[in-house]
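Subject: Handing over a structure

Dear colleague,

I am passing a structure on to you, together with some notes on what turned up when I went through it. Please have the sequence and the model open beside this message as you read.

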Amino acid sequence: MIPGSRSARIQALVAEQATLRDARVGLLDVCTAAVTALPVGGAGVSAMFRGRASHPLCSTDFVSQQLEELQLTLGEGPCVDAFVLGSSVLCTDLLAGELQRHWMVFADAALEAGARAVFAFPLQIGAISPGVLDLYSSSSVELDADEVADAMAFADIATLLLLDAGISETGLPSDTAASDTAASSTEVAGADPPDAAPFDDLGGYRAEIDQATGILMVQLGVGVEEAFIRLRAYAYARATRISVVAADVVAHRLRFPPVTTASDPQPPDARPPDEEP
């Protein structure tokens, strides 16, 4: 267990960030407080689920937002490993040979995005694990024992916030808490970065990806897992954020033909003249 004095100190740091925003404490306050207290450049939180799509919830800057999206799109990275293993993953230097081999795609993509060190802490209470807290640094850095303990304390607060919002294996917040959590958890600190997902509620980001997955299930005649894999693969192959691809599918700007007829989706205007719209 985290000592009471550490827990109280971390809670005070998070509360201070909420006060600066003049808002209720939310996930963004946990992330910004962690960046203030630790030798890292940014932080993000993703809701993680077994057997279904996971979803970034908040980030402090464009780099951390990219890192959350990259891991969702690629299906690999410290965030994924921390969730699967149920333990912290500390990567002090993504240029290290063993990490390059372990995350053959993510390591280079994260470096290109501006991250050199990445640390992932599972959000956990007993057997319940609703997500992961990610921290990154633009330079190689090592967290000492106290800093790791502080990061775990921030993760504990994020866990309580997610559980209070009703985030569960359904992937949806409870009606009573969704609006309060939404105001902070889907934000990116500062100005909106290019290509920022245009969602202003907690369920919106997840709902668009889930809706796109459902559309692909019908179009392709496949199960939910294969439909999501196709969505993720398309985004990865074109170096596009999965949220952008999902929005195009939902808006019918992008159509995936049956697997037996083609390997790539085609835009609506590319359909043969005799094909039904």
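The notes below go from confidence to the strands, the core and a few single residues.

**How far to trust the model**

Please keep in mind from the start that this is a predicted model. The protein chain has a mean pLDDT of 78, and 75% of its residues reach 70 or more. Among its elements, strand E3, residues 89–91, has the highest mean pLDDT, at 96, whereas helix H8, residues 175–185, has the lowest, at 35. Two stretches also call for care: over residues 190–203 the pLDDT is below 50, although the model gives this stretch 28 contacts beyond near neighbours in sequence, and over residues 268–277 the pLDDT is again below 50, with seven such contacts in the model. Where pLDDT is low, the predicted coordinates should not be read in detail.

**The paired strands**

A good place to begin looking is strand E5, which covers residues 128–137 and has nine of its ten residues buried. E5 runs antiparallel to E1, to which six bridges join it, and it also pairs with E4 in the antiparallel sense, over eight bridges. E4 and E5 form a hairpin with two residues between them, and in that turn Gly126 has a positive phi of about 60°. Within the pairing of these strands, Phe121 stands opposite Leu133 in E5.

Strand E1, residues 42–47, pairs with E2 as well, in the antiparallel sense and over four bridges. Ala47 is a useful residue to follow here, since its bridge partner in E5 is Gly131 and its bridge partner in E2 is His55. E2 itself is mostly covered, with five of its five residues buried.

**The nonpolar cores**

Which residues have the most contacts inside the largest nonpolar core? That core has 32 residues, and the ones with the most contacts inside it are Leu27, Val45, Phe119, Phe121, Leu133, Leu135 and Phe154. Two or more residues come from each of helix H1 (4–21), helix H2 (27–37), strands E1, E2, E4 and E5, and helix H7 (145–164), and of these elements H7 gives the most, with nine residues.

Phe119 is worth a closer look. Leaving aside residues up to four places away in sequence, Phe119 touches Val40, Val89, Leu90, Cys91, Thr92, Leu133, Asp134, Leu135, Val141 and Leu143. There is also a second, separate core of 23 residues, which includes Ala82, Phe83, Val89 and Val118.

**An aromatic pair**

A search of the whole structure finds two aromatic pairs. In one of them, the ring centres of Trp103 and Phe106 are 6.0 Å apart and the planes stand at 90°, so the pair is edge-to-face. Trp103 counts as buried because its relative accessibility is 2%, and Phe106 is likewise buried, with a relative accessible area of 0%.

**A buried acidic side chain**

Asp61 is found in the loop between E2 and helix H3 (62–74). Is Asp61 buried or exposed? With a relative accessible area of 19%, Asp61 is buried, the cut-off for that word being under 20%. The side chain of Asp61 makes a polar contact of 2.6 Å with the side chain of Ser64, and another, of 2.5 Å, with the side chain of Tyr136.

**Two residues with a positive phi**

Most residues other than glycine have a negative phi. Against that background, Asp22 and His252 may catch your eye. Asp22, placed in the loop between H1 and H2, has a phi near 55°, a positive value in a residue other than glycine, and it counts as exposed at 73% relative accessibility. His252, in the segment after helix H11 (242–250), has a positive phi of about 65° although it is not a glycine, and at 56% relative accessibility His252 counts as exposed.

With best wishes

Terms used:
Residues numbered from 1 in each chain as written. Predicted model: local features only at pLDDT ≥ 70, side-chain atom pairs only at ≥ 80, totals over all residues. Heavy atoms only, no water. Core = buried A, V, L, I, M, F, W, Y, C linked by side-chain atoms within 4.5 Å. Buried < 20%, exposed > 50% of the residue type's maximum accessible area, 1.4 Å probe, protein only. Contact = heavy atoms within 4.5 Å. pLDDT = per-residue confidence, 0-100. Pairing = 2+ DSSP bridges. Phe/Tyr/Trp six-rings, centres within 6.5 Å; stacked < 30°, edge-to-face > 60°. Polar contact = N/O pair within 3.5 Å; in protein donor to acceptor, adjacent residues only side chain to side chain.
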